[in-house]
Amino acid sequence: MQFVKIEPSNSGEVHQLDIMIFIDSAWSEKSWQDELENAVVVLLQDEQNQNIGFLAVSQSGSDLEIRKIGILTEWRRKGLGSNLLHHCLEIGKQMMCERVLLDVAVKNKAAIDFYLKNGFIELGHRRRYYRNGDDALLLVFTYHPQHSLRHLQSNL
Ligand SMILES: CC(C)(COP(=O)(O)OP(=O)(O)OC[C@H]1O[C@@H](n2cnc3c(N)ncnc32)[C@H](O)[C@@H]1OP(=O)(O)O)[C@@H](O)C(=O)NCCC(=O)NCCS
């Protein structure tokens, strides 16, 4: 398995994978071209260089936002999503981020379990957050939870 960073000229590759994983909610190729201007997009490839998953993250101040993550159906529950997520946490660390944030549909139980298993906690619940009316959970991973707790307590 290897991680390959996508260049803006290669938007078609992640777009194809997005369609295979997210089907109706895949982004257009134009959206991916725009995304690649600001985000870091990484492909997970098998030994034959076949794409099996992807991750898109962007930085905002000291926060890293997970914009999208997905693994092809036949490759799920093998720890590969976690590998990709840990790679993302490493990117955030190198960017000196303090937190990693994301939103996930409340009804996407698999993804919520996946994030909770990997150290994320719930930060908030956003009602009717998505265009289709679904609620979202806001989840956060904190690099130095003790430091954040002290910071919170000193501001009480
Ligand atoms: C979410 C996703 C990336 C997880 O990838 P994955 O490779 O299957 O994840 P892992 O194998 O690393 O799973 C790690 C843990 O997460 C939890 N988990 C993952 N999938 C789960 C599921 N379908 N149901 C319940 N728990 C699940 C489990 O605790 C699992 O550990 P276990 O297999 O030892 O029980 C994958 O399901 C996916 O691509 N889903 C569709 C796209 C999506 O919803 N993306 C997130 C949008 S915010």
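Here is a short chat about the domains of a predicted model and the ligand shell.

Me: Hi! What should I know about this model and its numbering?
Reply: It is predicted, so local features need pLDDT of at least 70 and side-chain atom pairs count only at pLDDT 80 or more, while totals for chains, interfaces and linings use all residues. Residues are numbered from 1 along each chain as its sequence is written.

Me: How is the protein chain divided?
Reply: Into domain 1 (1-97) and domain 2 (98-156), with bounds from an automatic or database domain assignment. Their C-alpha centres lie 19 Å apart.

Me: How many residues does each domain give to the contact?
Reply: Domain 1 gives 13 residues and domain 2 gives 9 residues; two residues are in contact if their C-beta atoms, placed from the backbone, lie within 7 Å.

Me: Which elements of domain 1 give two or more residues to that side?
Reply: β4 and α3, and α3 has the largest share, 7 residues. Helices (H or I, at least four residues) and strands (E, at least two) are DSSP runs, numbered from the N terminus.

Me: Switching to the ligand, which residues come nearest?
Reply: Arg 76, Gly 81, Ser 82, Ala 110 and Asp 113, out of 18 around the ligand. A residue is near a molecule if its C-beta atom, placed from the backbone, lies within 6 Å of it.

Me: Which element supplies the largest share of that shell?
Reply: α4, with 5 residues. β4 (63-71), α3 (80-94) and α4 (109-117) each supply at least two.

Me: And why does the ligand shell lie between the domains?
Reply: Because domain 1 and domain 2 both give residues to the shell.
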